[in-house]
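Biologist: Could you bring up the model, so that we can go through the side-chain contacts together?
Modeller: Here it comes, and we can start with the charged residues.

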Amino acid sequence: MTRFLLLTLGALALRPALSQAQTTPAPAWTDHTRALPDELRRLPVGLTLWHSPNPIYPEPNPAVPGGYVWKHSTSVRAEAGDLQIVSCGSYIWYSAAGWQANLHETPAEFAELFSCPGGKLKKGVTYTFAKNYRYAASAKQLYGGDALWFIIAKDAQGRLYKGYGLIETEAEPQVGK
């Protein structure tokens with residue numbers, strides 16, 4: 001009996017750790033009557049974000065025989081004033097499930113990718129992630145979908161602003177290219 005109680009108490013003591021380890025992340029987009037993922041709703045727009053070219057098509061990757069690359073750049077400009085990066089990332093939509101969390105970059109990663117010292121955006125200055133490429137090792141890995149890139153930044157008073165831009169990623173190489 002004592003052994004049974006010790007085993008039961010041991011199992012109960014481990015239970016919270018096991019349940020925490022098995023939790024799944026919260027869905028990124030819970031209100032399907034709204035277009036934006038939860039993280040972006042209700043923040044005012046204070047940045048302009050765009051992709052070029054858009055849409056993008058896969059093309060053969062000369063560095064990987066049989067591989068493909070989608071080549072585009074992503075640019076951002078602060079409109080609301082000088083801003084400090086809080087977060088950056090993207091959501092992807094490739095199935096009927098809708099927006100799924102994809103990338104999340106730290107302010108330091110943003111600063112490096114967008115050539116933006118210290119993650120400080122000066123009002124009216126454009127910062128560009130020149131080689132924001134996606135890769136596929138083979139034609140079997142080509143799939144289309146949309147990506148919603150976003151940036152959240154704050155002003156000197158701590159007010160948060162967002163910027164976001166949709167990029168259409170096509171699955172088939174562009175005809176005539």
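Biologist: Is Asp155 buried or exposed?
Modeller: This is a predicted model, and in it Asp155 counts as buried, with a relative accessibility of 10%.

Biologist: And which residue forms a salt bridge with Asp155?
Modeller: That is Arg159, and the closest N and O atoms of the two are 2.9 Å apart. Arg159 itself is partly exposed, at a relative accessible area of 46%, whereas Asp155 is buried.

Biologist: How many salt bridges are there by this rule?
Modeller: The count comes to three. One of them joins Arg77 and Glu79, where the closest N and O atoms are 2.7 Å apart. Arg77 is partly exposed, with a relative accessible area of 25%, and Glu79 is partly exposed too, at 33%.

Biologist: What about Glu59, which residue does that one bridge to?
Modeller: Glu59 forms a salt bridge with Lys71, and there the closest N and O atoms are 3.6 Å apart. The pair links distant parts of the chain, since Glu59 belongs to strand 2 (residues 59–60) while Lys71 is in the loop between strand 3 (68–70) and strand 4 (73–78), 12 residues apart. Glu59 is partly exposed at 33%, and Lys71 is partly exposed at 34%.

Biologist: Switching to rings, how many aromatic pairs are there?
Modeller: By this rule there are eight aromatic pairs. Among them is the pair of Trp29 and Trp93, which is tilted, with 5.1 Å from centre to centre and 50° between the planes.

Biologist: Where do those two Trp residues sit in the chain?
Modeller: Trp29 is in the loop between helix 1 (2–21) and strand 1 (47–52), and Trp93 is in strand 5 (residues 83–93), so that the pair links distant parts of the chain, 64 residues apart. Trp29 counts as buried at 8% relative accessibility, because buried means under 20%, while Trp93 is partly exposed at 31%.

Biologist: Which residues do ring pairs link into a cluster?
Modeller: The cluster consists of Phe110, Phe114, Phe129 and Trp149.

Biologist: Over which ring faces does Arg134 lie?
Modeller: Arg134 lies over the face of Trp70, at 3.8 Å from the ring centre, and also over the face of Tyr143, at 4.2 Å from the ring centre.

Biologist: Last topic, cysteines: how many disulfides does the structure hold?
Modeller: The structure holds zero disulfides. As for individual cysteines, Cys88 is buried, with a relative accessible area of 1%, and Cys116 also counts as buried, at 1% relative accessibility.

Terms used:
Residues are numbered from 1 along each chain as its sequence is written. This is a predicted model: local features need pLDDT of at least 70, side-chain atom pairs count only at pLDDT 80 or more; totals for chains, interfaces and linings use all residues. Side-chain values use heavy atoms; hydrogens and water are left out. Rings of Phe, Tyr and Trp (its six-membered ring) pair if their centres lie within 6.5 Å; planes under 30 degrees apart count as stacked, over 60 as edge-to-face and the rest as tilted. Helices (H or I, at least four residues) and strands (E, at least two) are DSSP runs, numbered from the N terminus. Buried means under 20% relative accessible area, exposed over 50%, partly exposed in between (1.4 Å probe, protein chains only). A charge sits over a ring if NZ of Lys or CZ of Arg is within 6 Å of the ring centre and within 35 degrees of the ring normal. A disulfide is a pair of cysteine sulfur atoms within 2.5 Å. A salt bridge is a side-chain nitrogen of Lys or Arg within 4 Å of a carboxyl oxygen of Asp or Glu.
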